[in-house]
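Colleague: I should be grateful for a close look at the ligand site of this model. Please then set that site in the context of the rest of the chain.

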Amino acid sequence: MDIMMDGSLSAVTTNSDDAGPGAKIPLLRPHPPRLSELGGALVEIERSGIFSNYGPVNTKFEGRIIAAMFQGVGACVTVANATLGLMLAIKQAVGWQPQGRYALMPSFTFAAAAQAALWCGLTPLFCDIDRETWLPDAASEEALLRRYGADIAVILPNATFGNCLDVARYEAMSARYGIPLVIDGAAALGSVAMNGTAFGQGSKNPVVFSMHATKGFAIGEGGLVYCDDAAKIAMLRSMAGFGFDETRLAVMPGLNAKMDEISALLALTKLQEIEAVSEHRYRLYQLYRRLLPAFTFQRMTGRRSAMQFVAVLLEDESAASVAEIISGLAHHGIGAGRYFAPHLAQQPFFKETCMSGSLAVTDEISRRVICLPMSDLLTATEIRYICKTLLKLCQRAPVRHILGRLDMAAIQAVR
Ligand SMILES: *Cc1c(COP(=O)(O)O)cnc(C)c1O
């Protein structure tokens, strides 16, 4: 399987190399564009003498992604990474002095969201997630909104593992309570909503995406803030450049969150193949689902999720069994991991600094989740090997039958 120059990917192929003994399949295989193949464009950057500060390559990328991915709707600004994008967007949303107020977010998310809120002087307030979609749970959010009301300064949901949030529901919630909204879509650049548009398209509130090496839209370090509100994007651009106006006087809070020209070149190059990459990854994910029919997967709410890895739930949630399965996979050359486990409310710093509502579902999903390999380079043969190995390990697991309801036929089918 390789990515073709025109951005298309060959079909999900069965590699003739049999993955098996001696296999080495990492959980994630970062696959940013090859710098070594961008010689001419790099020379061009050198010649231009412009290395950052929203140079020509960055401007081209911002224009192209709006046209190619968001159907020309809305505006965007690049950032050096999504965490900085979240800090900027939250700060813009809540104003300069939000001391002592809350940022409503799920505990089942990445540390960056809580850290960004804390940097903005807010206290993360964790809500529970939906049992099926693993997105923030509407009833849990509503309960906290009713209880804390105006003490909540911002609503900060996460498009969990690239799954599509219902942006319209959040915009209505934000309007009803008069509380600003920032969407952490870090893992969702390449996700497609049910109506066929890119996740986030048309959102009047900032959606923050990541282009970290481990995401589907991989460049190394990078991010994008999208919003169908050009004035908000213009302000975020100033904030990302020290809070300067055109005369280079600080007129608002700021920091340096600018993307450099070389990263912008990588982003521009990745943009050409992101549709093919996202399609390919989604097909691989569907193969996993076919091969693991007895496992519980996240229910997808969009037409396509940008897959960073493949999360499944184990039946036996005992720590000993989960650890056994992960080390068993490692023994067979398969990298597996756990996101978001422990979830935020369980992590030392957040235990001290944050607040939680009830997290019963989060606790359970987090105990049961394990993440299986995904990458642009993963083959169908490797997935068959991964699934076969996982099924065998689950059958053998010590404490109790992890997959009591799984019949041998499923295992045979994978052979
Ligand atoms: C990856 C990720 C981030 C952080 O993105 P960076 O670009 O690495 O800063 C934030 N939130 C979520 C949900 C993520 O998955």
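Modeller: The account below begins at the ligand and then turns to the domains, two individual residues and the backbone.

The model is a predicted one, and the values that follow are computed from its atoms. The shell around the ligand holds 13 residues, of which A82, T83, D184, S210 and K215 come nearest. By class, the shell divides into 4 nonpolar, 7 polar and 2 charged residues.

Three of the approaches to the ligand can be described atom by atom. At T83, an N or O atom of the side chain stands 2.6 Å from an oxygen atom of the ligand. At S210, a polar side-chain atom is found 2.7 Å from a ligand oxygen. At A82 the partner belongs to the backbone: one of its polar atoms is 2.9 Å from an oxygen atom of the ligand. As for the surface of the ligand, 390 Å² is exposed when the ligand is taken alone, and the protein buries 91% of that area.

The wider setting is a chain divided into two domains. Domain 1 is made up of the segments 7-29 and 274-414, while domain 2 covers 35-271. Taken over C-alpha atoms, the centres of domain 1 and domain 2 are 27 Å apart. The contact between them involves 40 residues of domain 1 and 48 residues of domain 2.

Two residues offer a contrast in burial, namely R304 and Q272. R304 is placed in the loop between β8 (296-297) and β9 (310-313). Its relative accessibility is 5%, and R304 therefore counts as buried, the limit being under 20%. The side chain of R304 is joined to that of E279 by a polar contact of 2.9 Å. Beyond its neighbours within four places in sequence, R304 is in contact with C164, G190, S191 and V192, and also with E275, S278, E279 and Y282. Q272, by comparison, belongs to helix α8, which spans residues 261-291. Because its relative accessibility is 53%, and the limit is over 50%, Q272 counts as exposed. Between the C-alpha atoms of Q272 and D151 there is a separation of 44 Å, the two residues being 121 residues apart along the chain.

The backbone has several features that merit inspection. A cis peptide bond links Y339 to F340, with omega at about -20 degrees. F340 is situated in the loop between α9 (319-331) and α10 (348-353). Another cis peptide bond joins A341 and P342, where omega is about -5 degrees. P342 also has its place in the loop between α9 and α10.

Positive phi values occur at two residues that are not glycine. One of them is Y54, whose phi is about 55 degrees; Y54 sits in the loop between α1 (39-48) and α2 (56-68). The other is F242, with phi near 70 degrees, and F242 is located in the loop between α7 (230-240) and α8. The relative accessible area of F242 is 38%, so F242 is classed as partly exposed.

To return to the site you asked about, the protein buries 91% of the area that the ligand exposes when taken alone, and T83, S210 and A82 are among the residues that come nearest.

How values were computed: Residues numbered from 1 in each chain as written. Predicted model: local features only at pLDDT ≥ 70, side-chain atom pairs only at ≥ 80, totals over all residues. Heavy atoms only, no water. Near = heavy atom within 4 Å. Polar contact = N/O pair within 3.5 Å; in protein donor to acceptor, adjacent residues only side chain to side chain. Areas by Shrake-Rupley, 256 points an atom, 1.4 Å probe, with all protein chains shown as cover. Nonpolar A, V, L, I, M, F, W, Y, C, P; charged D, E, K, R; others polar. Helix = DSSP H or I, 4+ residues; strand = E, 2+ residues; numbered from the N terminus. Buried < 20%, exposed > 50% of the residue type's maximum accessible area, 1.4 Å probe, protein only. Contact = heavy atoms within 4.5 Å. Domains from an automatic or database assignment.
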